[in-house]
Structures are given as C-alpha cells and as structure tokens.
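Work through these exercises with the structure open. Try each task before reading its solution.

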Amino acid sequence: MTTETETDVFEEHRPVLMGVAYRMLGRLADAEDVVQEAWLRWSAADRSEVREPRAYLVRITTRLAIDRLRQVKARGETYVGPWLPEPYVTDFGDSVPDTAERAVLADSVSLAVLVVLESLSPLERAVFVLREAFGYPYAEIGAMLDRGEAAVRQLAGRARKHVDERRPRYEVDPTQRRDLTERFLAAAAEGDLEGLMSLLAPDVRLVGDSGGKAKAPVRVLETADKVGRFLIGAARKGVADASFRFLEINGGPALLVLAGDKPDSVFQLDVLDGRIQSVYIIRNPDKLRSLATA
C-alpha cells in the first residue's frame, strides 16, 4: 500500500472519526488531537492485517477518546458558570440524504444531548455514541471496546435511560427553528419585550457559557419573565460594530454574532410546539475561535 493510498483511506474516513471524537469529548481541539493520534497509529500499523479500515479506525479513535475523557475527568477541572460544548459547524449536505438518518445525526450532536452525555461514564458515552449516532451492532461495539455483547447491551440501556430522563424535549425541524430564531432576533433587537415573551415557553431556560471570560449569566435562568428581561437588557447594551450570520451548528440553525469580524457569541434555540424551550448562548472566546472563518 502506497503512502498516498494510506492517506486517501484515512481522509475518506476522517469525517466519521471526527464525528465520533467530537461526540465523545464535546471539544474540538481535543477531538482534533484524537484524530491526529489515530492517523499516527494508522500510518505506523501493519495494514496487511486490516480487513475493514473504517472499523479499525473507529476502534482506535474511540479508545483514544475514552482515554482523553478519563484524563479530563481525573483532572477534575472547575469551570466558571454553566458548561456547553464547543460549537461544531455541521453540514451533512448530500452525504446524508435520508431524512431519518439526518435527524438522528443532528440529535446526537445537539447541545442538549452533549450536555447530558457529560454526566455518563466514558464507556457509557462510547457505547451511546457508537450505537445511537452511528448504528454499530452491539457485537461490533463489544469488539471495539473489548467487552462482551451482553455487557455492551447493559451499558447501552443504562446510557439511553439516563439520556432520555435528562434531555430536554425539542423538535429538530430546521425550518421552524430558523423562523423562530429570526423572530427572536428581531424582537430582541427592537426591545420588544411583549413580542419576545410571546415566543418563549413559560418554563423556558437560558444557559449561558462564558467560562468566566465574557459577560453571561453565571447560573441557568428560568421562566419567560427572567429570560425575556435578560435578553432585552443584553440587546440594549449591544455589541460594537455588530453583524449577524446564520450557520448550521450542532445539527441545527444558530445565530453567530460578530463584533467587527471577530466572533462574539453564538445563540441557538430549542423549540417545541412552536415555542422556545431553551436558549443557549456561547460567549467563551476560546470556544468561538473556530468560527472566525465559518
């Protein structure tokens, strides 16, 4: 096998490997490091014994991600305020033509689900990602993780129950979410508290992630009144030289706010029954760097 072919095979599977690593870690830099390490191991491996390159590469990536996740948990790092995953620009394009499959992929990378996945053990998270997002059979997951099929099924059941109990309910229809995001932006920009309140569910939640490096609520805000008043107040203060851009982030439409040409914040909404259930705001500048060229 030539070096060019080795590279071609790896690059063919890179999007899947990045998808696995990001869902495992919720951090782009860590995911990219894991994929790079997988490349180093692939390039040094005896590929004459590799019958299924994709399965081999996913196994390496998953194990590296588990190790990285255990290291993060062992460090016990404290984070200032609520934590949200690093925004991940997603565009499945024509590579995922099936609507049902597209919905599954979008859901598995959503901010709401990734926040819940943070509370799983590394093994539970790996099983959940491989099974729910990528549809791997239990036996194949067991081979990847050196676990029996019965043990993998038990891990999968525990992880699924945990996620179902804690994930917020929402709809993934991108058209409706985009429409509500545009109306949300217009009401906030115009200082229209009544109009904004009409879009919010009574028990709406606002989760702001700044990491202590930008202004954002240090606790989750709840109820339409508190969320609406906070958003109107923030809009009045404004952002210097602000402009706005819609992107697909974590499987759904999101609003990128720029200060000049520098990313300032990302807004994304979860929607159910035509009302906004959750507002996510990411302002930690470390998490916005990758959006500078988005």
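## Exercise 1: A residue in helix α8

Glu-149 sits in helix α8, which covers residues 149-166. The model is a predicted one.

Task: Decide whether Glu-149 is buried, partly exposed or exposed, and find which residues it contacts beyond its neighbours within four places in sequence.

Solution.
- Step 1. Take the relative accessibility of Glu-149, which is 37%.
- Step 2. Apply the cut-offs: buried is under 20%, and exposed is over 50%. Glu-149 therefore counts as partly exposed.
- Step 3. Leave aside neighbours within four places in sequence. Glu-149 is then in contact with Tyr-138 and Ala-139.
- Step 4. Check a C-alpha distance. Glu-149 and Pro-137 are 9.2 Å apart in space and 12 residues apart in sequence.

## Exercise 2: The overall fold

Task: Judge how compact the protein chain is for 294 residues, and describe its make-up.

Solution.
- Step 1. Count the elements. The protein chain has 12 helices and six strands.
- Step 2. Compare the radius of gyration with the globule rule. The value is 20 Å, and the rule gives 19 Å for 294 residues. The two are close, so the chain is as compact as a globular protein of that length.
- Step 3. Add the dimensions. Along the principal axes, the C-alpha atoms fill a box of roughly 65 × 40 × 40 Å.
- Step 4. Look at burial. Of the 294 residues, 49% are buried.
- Step 5. Look at contacts with a separation of 6 or more. Residues 24 or more positions apart account for 66% of them.
- Step 6. Turn to the surface. About 14500 Å² is exposed, and carbon and sulfur atoms supply 49% of that area.
- Step 7. Finish with charge. The chain has 41 positive and 46 negative charges, and their mean positions are 6 Å apart.

## Exercise 3: Two nonpolar cores

Task: Find which residues of the largest nonpolar core touch the most other members, and which helix gives this core its largest share.

Solution.
- Step 1. Recall the trend. In soluble globular proteins, nonpolar side chains tend to be buried together.
- Step 2. Pick out the best-connected members. The largest core has 67 residues, and Phe-10, Met-24, Trp-42, Val-58, Leu-117, Leu-145 and Val-266 touch the most other members.
- Step 3. Assign the largest share. Helix α1 (residues 3-25) supplies 10 residues of this core.
- Step 4. Trace Phe-10. Not counting residues up to four places away in sequence, it touches Leu-17, Val-35, Ala-38, Trp-39, Trp-42 and Leu-57.
- Step 5. Look for another core. A second, separate one has 20 residues, including Ala-224, Val-227, Val-257 and Val-279.

## Exercise 4: Inside the second core

Task: Describe the setting of Val-227 in helix α11.

Solution.
- Step 1. Read the accessibility. At 0%, Val-227 counts as buried.
- Step 2. List its contacts beyond four places in sequence. They are Leu-200, Val-204, Arg-205, Leu-206, Leu-221, Glu-222 and Val-279.
- Step 3. Take one C-alpha pair. Val-227 and Arg-205 are 22 residues apart in sequence and 7.1 Å apart in space.

## Exercise 5: Two residues of helix α9

Task: For Thr-181 and Ala-188, both in helix α9, state the burial and the contacts.

Solution.
- Step 1. Place the helix. It spans residues 174-189.
- Step 2. Take Thr-181. Its relative accessible area is 3%, so it is buried. Beyond four places in sequence, Thr-181 touches Phe-246, Leu-255 and Leu-269.
- Step 3. Take Ala-188. Its relative accessible area is 11%, so it is buried. Beyond four places in sequence, Ala-188 touches Ile-232 and Ala-235.
- Step 4. Check a C-alpha distance. Ala-188 and Gln-154 are 34 residues apart along the chain and separated by 46 Å.

## Exercise 6: Positive phi

Task: Examine the backbone angle and burial of Thr-223 and Asn-250.

Solution.
- Step 1. Recall the trend. Most residues other than glycine have a negative phi.
- Step 2. Read the angles. Phi is near 90 degrees for Thr-223, and about 50 degrees for Asn-250.
- Step 3. Locate Thr-223. It lies in the loop between β2 (221-222) and α11 (224-237).
- Step 4. Locate Asn-250. It lies in the loop between β3 and β4 (252-259).
- Step 5. Assign burial. Thr-223 is partly exposed at 35%, whereas Asn-250 is buried at 2%.

Key. Residues are numbered from 1 along each chain as its sequence is written. This is a predicted model: local features need pLDDT of at least 70, side-chain atom pairs count only at pLDDT 80 or more; totals for chains, interfaces and linings use all residues. Side-chain values use heavy atoms; hydrogens and water are left out. Helices (H or I, at least four residues) and strands (E, at least two) are DSSP runs, numbered from the N terminus. The radius of gyration is taken over C-alpha atoms; the globule rule is 2.2 Å times the number of residues to the power 0.38. Buried means under 20% relative accessible area, exposed over 50%, partly exposed in between (1.4 Å probe, protein chains only). Contact means heavy atoms within 4.5 Å. Accessible areas come from the Shrake-Rupley method with a 1.4 Å probe; for residues, only the protein chains shown count as cover. Lys and Arg count as positive and Asp and Glu as negative; His and the chain ends are not counted. The place of a charge is taken as NZ of Lys, CZ of Arg, CG of Asp or CD of Glu. A nonpolar core is a set of buried Ala, Val, Leu, Ile, Met, Phe, Trp, Tyr and Cys residues joined through side-chain atoms within 4.5 Å.
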